[in-house]
Amino acid sequence: MKILLVSPCKDPRFKKPKYLMIPQLALHLIAGLTPPEHEVRILEEELEEIDLEEECDLVGISCMTSNATRAYDLAREYRKRGRTVVLGGVHPTLLPDEALQYSDAVVVGEAEGVWEQVVADVQARKVQRVYHQPYPSLERYVSMGNRRNTKKRIFDVVPVMTTRGCPYNCEFCCVHDIFGRRIRHLPVANVVRDIEESGGKIFIFLDDNIIGDPGYAKQLFRAIKPLKIKWVGQASVSFIKDEEMMRLASESGCRGLFFGLESVSQKQLNRMRKSIKEVDKIGEAIQKVKDFGIYFHASMIFGFDSDTKDTFPETLDFLEKNRVSSASINVLTPYPGTEVFRSLKEQGRLLSEDWRYYDHSTVVYQPQNMTPFELQAGRLWVLKTFSQMSSTLRRLPDHLDFPLLHLAMNLGFQAACRHELRELPDLAARLFPVQDSKLSEQRGFPLRSLRLTDLFGRGLLKGDGSTGS
Ligand code: B12
C-alpha cells in the first residue's frame, strides 16, 4: 500500500518561517513502525503544498487542537477521493468521537502497539473505528533512519523523545491525561543508536521535562556525551537544584533549555506545583543556567484568575531585569480535556469552542480581572516590547555565547507579533464581546490604528482590576 502521513498547518494562508520548523517526530516514528512492504511518504504542510489528488491508499493525519479544524477539512477531502483516513495525535486522543465524524478510524493515544494492526486492517478492508493501547512499552527499538532534511530548514535540528508521561497534574495541561502520570523511558542504548542513525549534529529533546526522572536523565547525559552533539530541550527549574545534573547536561552538549516559568505573580506561583516558588529565586536560577553556558528560554502564561492588568508590566520588568534571552508569551488556553476547560465551561466563561483559536495566542474565555480584549492586547504589548530590536539589542551583551540564536528567536517573535497585530482588529470583532471592542473605541483606541504603547501610556491596561481612565 501507499501510505501518506500528513501534518497539517493551522492555516495554509499563514505559514511559519521555515527556519523555525523542526521535523514532526510522530510521523517519522509511525513511518518506522510501518511494515517495510509498504511505501510511506511524510508530508508536512508547513513546508510543502498538499496535492489532494496524490495517489495513496491510506492517509494518516496527526493534529493538536489548534490545527484540528484543518486536519478535519483535509480528512473530508481525502475521503471524498476514496482514501482511508486515520486520525491520531493529541486532539483526536482527547476528543475521539469528534474526530470519528471526519475519519474512518482514530488512534487514541500512542501509535506503538496499534499502528501495525491499523495498516493490516486497512489492507484487509476491515478497518475498526477506534484503536487504543494505553501506555505501551517503549522498549522496542524503532528505526527512523536518517531524518535530516537540510534543503527545507535553515536550522537542521533533529527531534528525539526519550520519555513519555508526566507526574504533575497542572490544571492547564493535558499531557498527564494522554500519556499517563508515570514516566516511561526509551532504553538509553536505543536513544544513543537513534541519535547515531539520524545523521544529525544538533538535536531537540521533545520530552516535557528532560530531567523528570533524575536518575535516567543522568544516565542519558553520560551516554550521549561521547557523541559530541549539541542539544536543546525542556526542563523544570528544579534543574538548578542539582549541580551534578547541570554539569552532566552541559558536558553532554546541552546548549539551551526551555523553562515553563508560566508566571512571576507570587499569588499564582503559590497555587502551582513548582519546585521554586519565590520570584527572586527564579531570577537566581536564570543566572545559574546561563553560567553553565546554557541558553535560557522562558515560557510565560497570562490570564490566570489571579492575574490583573499589572501582571503585564510586572512580567516584562522581570524578563528584562533578569536579561532573559527569549520568551514565549502565551495566554492561558483551556484545551479540551483539561481542568481549566471543564471549570470555565461550567462557569459559562468560554467565548468560543472553535478549535482554530485554541493556540496559546488567542483569548477564548472571559478572564477574571480584565476584559478579553485587554488580555489579548496586554499579551501582545509584552511580546512586542520584549522582542523589539531596541530591547533585544540591550540584552545582547548577556548572550554573547549565542548571539545568532538570541537575534533569530527575537526576530521570529517580532515577525509573529507584527502578523498578530495586523489581525487583531478582525479577531476582536469576531471573538470578543461587542462591548469590549466598543470600549476601546470609546477610549480613543480605534482598533484599526491601535498602538499598544498607548494602552499603557493612557492607563487603559494599567491598574488592578479596573478598566483604567
Ligand atoms: C514538539 C511539540 C511542539 C512542536 C511541534 C513541531 C514538531 N515538528 O514536532 C512545536 C514547537 C512547533 C509545537 C507547537 C505548538 N504546540 Co506543541 N508540543 C510539542 C510536544 C512538546 C511534543 C510533541 C511531540 O512531537 N511528541 C513526540 C511524538 C512522538 O509524540 P506525539 O506527537 O504525541 O505522537 C504520538 C501519539 O500522539 C500518536 N500520534 C500522533 N499523531 C498521530 C497520527 C496518526 C495517524 C497516528 C496513528 C498516531 C499519531 O502516535 C505518536 C507515537 O506514539 C508536546 C508535549 C507532549 N508531551 O506531547 C506539545 C503539545 C502537543 N503542544 C501543545 C501546544 C499547545 C502547542 C502550540 C499551540 C503552542 C504555541 N504556543 O504555539 C503550538 C501549535 C502548533 C500548531 N500546529 O498549530 C500542547 C497541545 C495541547 C492541545 N490540546 O492541542 C502540548 C500537548 C503541550 C502541552 N503540555 O500542553 N509543539
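A residue is classed as exposed if 12 or fewer other C-beta atoms lie within 10 Å of its own, as buried if 20 or more do, and as partly exposed in between. In this predicted model, Lys-228 has 9 C-beta neighbours inside 10 Å and therefore counts as exposed. Lys-228 belongs to the loop between α8 and β11. Its phi is positive, at about 55°, although Lys-228 is not a glycine.

The chain as a whole has 469 residues, of which 43% are buried. Its secondary structure consists of 18 helices and 14 strands. Of the contacts between residues at least 6 apart in sequence, 74% join residues at least 24 apart.

The loop that holds Lys-228 leads into a series of paired strands. Strand β10 (residues 202-205) runs parallel to strand β11 (residues 230-235), and 3 bridges join the two. Within this pair, Ile-204 has Val-232 of β11 as its bridge partner. Together with helix α8 (residues 214-224), β10 and β11 form a right-handed β-α-β unit. A further right-handed β-α-β crossover takes the chain from β11 through helix α9 (residues 243-251) to β12. Strand β12 (residues 254-262) is parallel to β11, with 5 bridges between them. In this pairing, Trp-231 is placed opposite Cys-254 of β12.

The pairing continues from β12 to β13, again in the parallel sense, over 6 bridges. Here Phe-258 faces His-297 of β13. Strand β13 (residues 295-302) is mostly covered, since 6 of its 8 residues are buried. The strand β13 also pairs with β14 in the parallel sense, over 6 bridges. Phe-302 stands opposite Val-331 of β14 in that pair. The connection between these two strands includes helix α12 (residues 311-321), and β13, α12 and β14 make a right-handed β-α-β unit.

Strand β14 also takes part in the surroundings of the ligand, as one of the elements that give two or more residues to the shell. The ligand has 37 residues around it, and those that come nearest are Gly-60, Ser-62, Gly-88, Glu-110 and His-360. Apart from β14 (326-331), the elements that give two or more residues to this shell are α1 (25-33), β3 (58-62), β4 (84-88) and α3 (90-94). Helix α1 supplies the largest share, 4 residues. By residue type, the shell divides into 20 nonpolar, 12 polar and 5 charged residues. Both domain 1 (2-132) and domain 2 (157-457) take part, each giving at least three residues to the shell.

One of the residues that come nearest to the ligand, His-360, also has an unusual feature in its backbone. The phi of His-360 is positive, at about 75°, although His-360 is not a glycine. This residue is found in the loop between α13 (339-346) and α14 (372-387). His-360 has 17 other C-beta atoms within 10 Å and is therefore partly exposed. Lys-228, which likewise has a positive phi, counts as exposed with its 9 neighbours.

Helix α1, which gives 4 residues to the shell around the ligand, also has a buried portion. Its buried residues are Ala-26, Leu-27, His-28, Ile-30, Ala-31 and Leu-33. An α-helix has 3.6 residues a turn, so residues three or four places apart point the same way. The buried residues of α1 pack against the strands β1 (2-7), β2 (39-44) and β3, and against helix α5 (115-123). Strand β3 thus appears in two settings: β3 packs against the buried residues of α1, and β3 gives two or more residues to the shell around the ligand.

Arg-395 lies in helix α15 (residues 389-395). With 18 C-beta neighbours inside 10 Å, Arg-395 counts as partly exposed. When residues up to four places away in sequence are left out, Arg-395 touches Arg-323 and Ser-325. Arg-395 and Lys-321 are 74 residues apart in sequence, yet their C-alpha atoms are 9.5 Å apart in space.

Technical notes: Residues are numbered from 1 along each chain as its sequence is written. This is a predicted model: local features need pLDDT of at least 70, side-chain atom pairs count only at pLDDT 80 or more; totals for chains, interfaces and linings use all residues. A residue is near a molecule or strand if its C-beta atom, placed from the backbone, lies within 6 Å of it. Ala, Val, Leu, Ile, Met, Phe, Trp, Tyr, Cys and Pro count as nonpolar, Asp, Glu, Lys and Arg as charged, and the others, Gly among them, as polar. Domain bounds come from an automatic or database domain assignment. Two strands pair if DSSP finds at least two bridges between them. A crossover is right-handed if, with the strands pointing away from the viewer, the path from the first strand over the helix to the second runs clockwise. Two residues are in contact if their C-beta atoms, placed from the backbone, lie within 7 Å.
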